[in-house]
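Hi,

Here is the structure I promised to pass on. Have a look at it first, and then read on for what turned up.

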Amino acid sequence: MTSEVPPVQFLLVDDLEENLLALEALLQRDGLQCLKARSGEEALEMLLVHDVALALLDVQMPGMDGFELAEFMRGNERARHIPIIFLTAGSADLQRRFRGYEAGAVDFIHKPIEGDILRSKANVFFDLYEQRRQIVAQRDELAKLAHALQGADRRKNEFLAILGHELRNPIMALGAGLHLLERREGTDMARNIRGQMDRHVRHVSRLVEDLLDIARIDQGKISLNKERIILQEALTFAIEASQPSIDAAGHALAVEMPDMPVWMEADYTRIAQIASNLLNNAAKYTPPGGAIRLTAQIVHDRIEIAVADNGIGIPAEMQAKIFDIFAQVRSGKNGGQEGLGIGLALVKQLVELHDGDIRLASSDPASGSVFVVRFPLPAH
């Protein structure tokens with residue numbers, strides 16, 4: 001719904017009520033609102049609270065005359081831009097005109113006033129005011145569009161950063177697999193390695209598809225390819241993807257999953273991304289030789305996945321921001337290492353796309369962090 005356009009206001013200043021009423025009748029039209037003042041002092045009070053398109057000032061008034069009022073207006077930041085037309089019954093000598101123009105007048109109209117001339121001159125300023133107001137509105141709209149474009153560009157950059165973050169682990173795993181194949185060619189282990197590499201290639205291919213879909217990136221959307229999957233299979237793949245990072249730091253990984261298959265309606269690749277990101281963060285922010293635990297279980301009507309570590313923890317002041325893109329945690333105990341800037345933002349988005357939720361269940365330097373992800377069980 002569009003908001004109603006406010007009327008264009010103009011100011012009439014004359015000490016005689018009948019003159020004010022006559023001038024208002026001459027100038028009134030749709031979209032105009034007349035403000036009337038019987039003295040210069042009253043006019044100044046109105047100008048402090050109203051923005052007017054034009055001021056028509058009677059020159060000869062008791063107390064503050066029209067010239068003095070104009071000079072006050074020119075000295076006021078709010079009123080100095082207002083065009084002034086003087087209405088005068090006095091003589092048209094050059095000295096009076098010079099004083100009027102010096103005070104900021106754009107025109108003089110002598111009494112008795114010809115209605116057509118007054119309307120014609122006043123309408124010029126009303127129209128100019130309306131055009132200026134439209135320009136300001138267009139400027140504000142352009143500013144909003146520029147802000148939206150900056151947001152779209154920022155989301156694209158964030159997405160590219162996320163892709164780089166996500167591609168690193170499977171590419172490392174592929175490199176490790178190629179190295180092992182050279183040494184195990186022709187063995188059963190080689191066939192297993194090829195199977196793992198094939199899954200990583202499919203994982204990378206899916207991520208590259210996201211990179212190519214520019215329209216979806218600009219809209220801040222990541223699509224899902226939902227199907228019936230077994231939770232344990234997606235988590236096993238996530239463990240394989242994260243194992244190089246875990247092994248490189250000498251961590252011990254403990255895994256607890258239900259013995260019976262847990263079926264869910266989900267995107268296999270995205271579920272694997274969620275778990276692998278949590279495992280990678282745990283590995284990165286746990287000192288060498290630490291302990292990481294991945295637990296999956298059914299709790300009431302929800303699938304619950306928890307990733308715990310005994311790492312450096314998250315400072316209390318950062319805990320409310322860790323799911324924001326590019327939020328970073330610094331710790332002197334960890335050599336000033338930065339992190340939690342991309343992975344958790346991606347995790348939160350992917351979890352919510354699956355109608356799930358994620359929370360930091362606990363975190364402190366003494367015992368590490370525990371992240372809990374919950375998904376709804378599929379309807380039977």
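Before we get to the strands, one definition: two strands count as paired if DSSP finds at least two bridges between them. Also keep in mind that this is a predicted model.

Let's start with a pair that meets that rule. β11 and β12 (residues 368-376) pair in the antiparallel sense, over 7 bridges. If you want a spot to click on, D364 stands opposite G368 in β12.

Now for the sheet around them. It is an open sheet of 5 strands with mixed pairing, and the order is β7-β9-β10-β12-β11. Which strands stand at the edges? They are β7 (252-256) and β11 (357-364); each has a single partner strand, so one side of each is left without a neighbour in the sheet. On average, neighbouring strands of this sheet are turned by 15° against each other, direction ignored.

Two helices pack on this sheet. Helix α8 (residues 231-248) touches β7, β9 (291-299) and β10 (302-309), and its direction makes about 170° with that of β9. Helix α9 (residues 268-284) touches β7, β9, β10, β11 and β12, and makes about 175° with the direction of β12.

Those two helices also meet each other. In general, two packed helices are described by the angle between their axes and the distance between the axes. For α8 and α9, the axes come within 8 Å and cross at roughly 35°, and the crossing is right-handed. On the α8 side, the residues making the contact include L231, L235, F237 and I246, while Y268, I271, L279 and A283 are among those from α9. What does this contact look like by class? Between α8 and α9 there are 13 nonpolar, 4 polar and 1 charged residues.

There is another helix pair to look at, earlier in the chain numbering: α2 (residues 40-49) and α3 (residues 66-74). They pack at an angle of about 25°, with their axes 10 Å apart. Angles under 35 degrees count as roughly parallel, and α2 and α3 are therefore roughly parallel to each other. As with the other pair, handedness is worth checking on screen: α2 passes α3 in a right-handed crossing. G40, A43, L44 and L47 of α2 make the contact with L69, F72 and M73 of α3. By class, that contact has 6 nonpolar residues, 1 polar and no charged ones.

Have fun turning it around on screen!

Cheers

Conventions
Residues numbered from 1 in each chain as written. Predicted model: local features only at pLDDT ≥ 70, side-chain atom pairs only at ≥ 80, totals over all residues. Heavy atoms only, no water. Helix = DSSP H or I, 4+ residues; strand = E, 2+ residues; numbered from the N terminus. Axes fitted to C-alpha atoms, helices over the stretch in contact; angles between N-to-C directions. Contact = heavy atoms within 4.5 Å. Left-handed = near helix turned anticlockwise from the far one by under 90°. Nonpolar A, V, L, I, M, F, W, Y, C, P; charged D, E, K, R; others polar. Parallel < 35°, antiparallel > 145°, perpendicular 65-115°, else oblique.
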